[in-house]
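Here is a short briefing for a reader who is new to this structure. Start with the strands, then follow the topics in turn.

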Amino acid sequence: MTGRFITHNSTQHLLCFKTVALAFLILSVGNAVAQDSKCKVKLSELPQAAELSGFRMGMTMDQVKARVPQVTFGPTDDLGTSKTSINPYFDSRIDKSGFADVRTVSLDFLDGRVTSLWIGYESTFKWPTVADFVKGISQSLLLPDAWSPWKSQGQQLKCVDFQATVSSVARGPSFRILDLTADATLMARRIAKEEEKEALEENSVEEPGILGDKQSKIYYPANCEVAKEISESNRTTFKTALEAENAGYKPAKECKQ
């Protein structure tokens with residue numbers, strides 16, 4: 001029976017190792033892409049930009065609440081993520097003076113910090129086209145002229161640990177910054193959660209670890225051939241050998257593990 005638990009623990013350690021290894025691989029690939037990119041800017045180096053209406057990457061929920069007291073946050077899931085959206089011109093309580101030509105602000109959080117910032121602007125915004133916006137935001141955030149086509153009409157820039165995307169939504173420009181390191185962390189957590197779920201499902205269908213004979217007060221590993229001869233009326237099960245011994249059962253001389 002001891003061998004069974006060693007195998008189970010080893011499986012858990014293997015899943016943990018695989019998850020860590022995968023996270024490292026994801027980050028390594030991301031870093032390799034960044035090294036090949038013409039943009040060497042890091043997320044921490046981005047300056048404040050008036051066009052982002054007071055928001056920035058890495059803000060805490062408290063800081064967002066201080067910026068817009070009326071904001072409400074979605075529930076935080078078991079991966080540590082949460083979301084919120086702010087619609088200045090649809091919420092009469094919000095001071096619109098700090099949201100000139102801003103239609104929607106969407107924020108994604110991981111562990112209570114902003115990891116994705118998306119802002120949708122009205123068609124009246126000072127940079128109405130994708131090309132105008134790319135030129136303007138590059139100057140505001142000190143980004144290089146290394147943007148690439150994205151989807152049908154958008155532009156995207158990949159840097160050391162973030163990517164920026166400009167597109168057109170509802171005839172107005174939209175802008176998103178995504179924290180690639182946080183995105184890789186979230187992916188690793190999702191994989192770990194799925195592996196944990198699979199491991200639990202596998203364990204739930206395992207045979208009982210210990211079979212006991214009520215008449216003889218002897219217990220056997222479930223895979224022992226002798227244990228299969230115990231009649232249904234005399235058979236009982238235990239999760240561990242210790243549980244069986246605490247119930248007054250003794251280990252069989254045959255099939256010891």
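In β3, V102 finds its bridge partner in Y121. That pair belongs to a predicted model. The protein chain has 257 residues, and 39% of them count as buried. Its secondary structure comes to 5 helices and 11 strands.

**Overall picture**

- Take the contacts in the protein chain between residues at least 6 apart in sequence: 55% of them join residues at least 24 apart.
- One open sheet has 7 strands, and another open sheet has 4 strands.

**The sheet of 7 strands**

- The strand order is β1-β2-β3-β7-β6-β5-β4, and the pairing is antiparallel.
- The edges are held by β1 (81-86) and β4 (148-150). Each has a single partner strand, so one side of each is left without a neighbour in the sheet.
- From one strand to the next, the twist averages 20°.
- Strands β2 (residues 102-110) and β3 (residues 113-121) run antiparallel and are joined by 8 bridges.
- β3 also pairs with β7, in the antiparallel sense, over 5 bridges. Here S116 has L178 in β7 as its bridge partner.
- On to β6 and β7: they pair in the antiparallel sense over 8 bridges. Q163 stands opposite L178 in β7.
- The hairpin of β6 and β7 has 2 residues between the strands. In this hairpin, A170 takes a positive phi near 55°.

**T104 in strand β2**

- T104 is found in strand β2.
- Is T104 buried or exposed? Its relative accessibility is 15%, so T104 counts as buried; the cut-off for buried is under 20%.
- T104 and Y121 are 17 residues apart in sequence. In space they are 7.0 Å apart, C-alpha to C-alpha.
- Leaving aside neighbours within four places in sequence, T104 is in contact with I86, N87, W118, I119 and G120.

**Helix α3 and the sheet**

- Helix α3 (residues 130-140) lies across β3, β5, β6 and β7 (172-179). It runs at about 150° to β6.
- Which residues of α3 are buried? They are V130, F133, V134, G136, I137 and S138.
- The cover over the buried residues of α3 includes β3, β5, β6 and β7.
- Just after α3, L142 takes a positive phi of about 60°.

**The nonpolar core**

- In soluble globular proteins, nonpolar side chains tend to be buried together.
- The largest nonpolar core here has 40 residues. F55 and F175 have the most contacts inside it.
- Which elements give two or more residues to this core? They are β2, β3, α3, β6 and β7.
- Of the 8 residues of β7, 7 are buried, so β7 is largely enclosed by the rest of the structure.
- F175 touches many residues beyond four places away in sequence, among them L52, F133, I137, L141 and W147. Its contacts also include L117, W118, I119 and Y121, as well as A164, T165 and V166.

**D161 in its loop**

- Where is D161 placed? It sits in the loop between β5 (154-158) and β6 (162-169).
- D161 is buried yet has no salt bridge. K42 is the nearest side chain of opposite charge, at 7.0 Å. A salt bridge would need the charged atoms within 4 Å.
- Not counting residues up to four places away in sequence, D161 touches V41, K42 and L43. It also touches L178, D179, L180 and T181.

**The sheet of 4 strands**

- The order of this open sheet is β10-β8-β9-β11, with mixed pairing.
- β10 (235-238) and β11 (250-251) are the edge strands, and each pairs on one side only.
- Strand β9 (residues 218-221) pairs with β11 in the parallel sense, over 2 bridges.
- I218 has K250 in β11 as its bridge partner.

Terms used
Residues are numbered from 1 along each chain as its sequence is written. This is a predicted model: local features need pLDDT of at least 70, side-chain atom pairs count only at pLDDT 80 or more; totals for chains, interfaces and linings use all residues. Side-chain values use heavy atoms; hydrogens and water are left out. Buried means under 20% relative accessible area, exposed over 50%, partly exposed in between (1.4 Å probe, protein chains only). Lys and Arg count as positive and Asp and Glu as negative; His and the chain ends are not counted. Contact means heavy atoms within 4.5 Å. Two strands pair if DSSP finds at least two bridges between them. Axes are lines fitted to C-alpha atoms, for helices over the stretch in contact, and angles run from 0 to 180 degrees between N-to-C directions. A nonpolar core is a set of buried Ala, Val, Leu, Ile, Met, Phe, Trp, Tyr and Cys residues joined through side-chain atoms within 4.5 Å.
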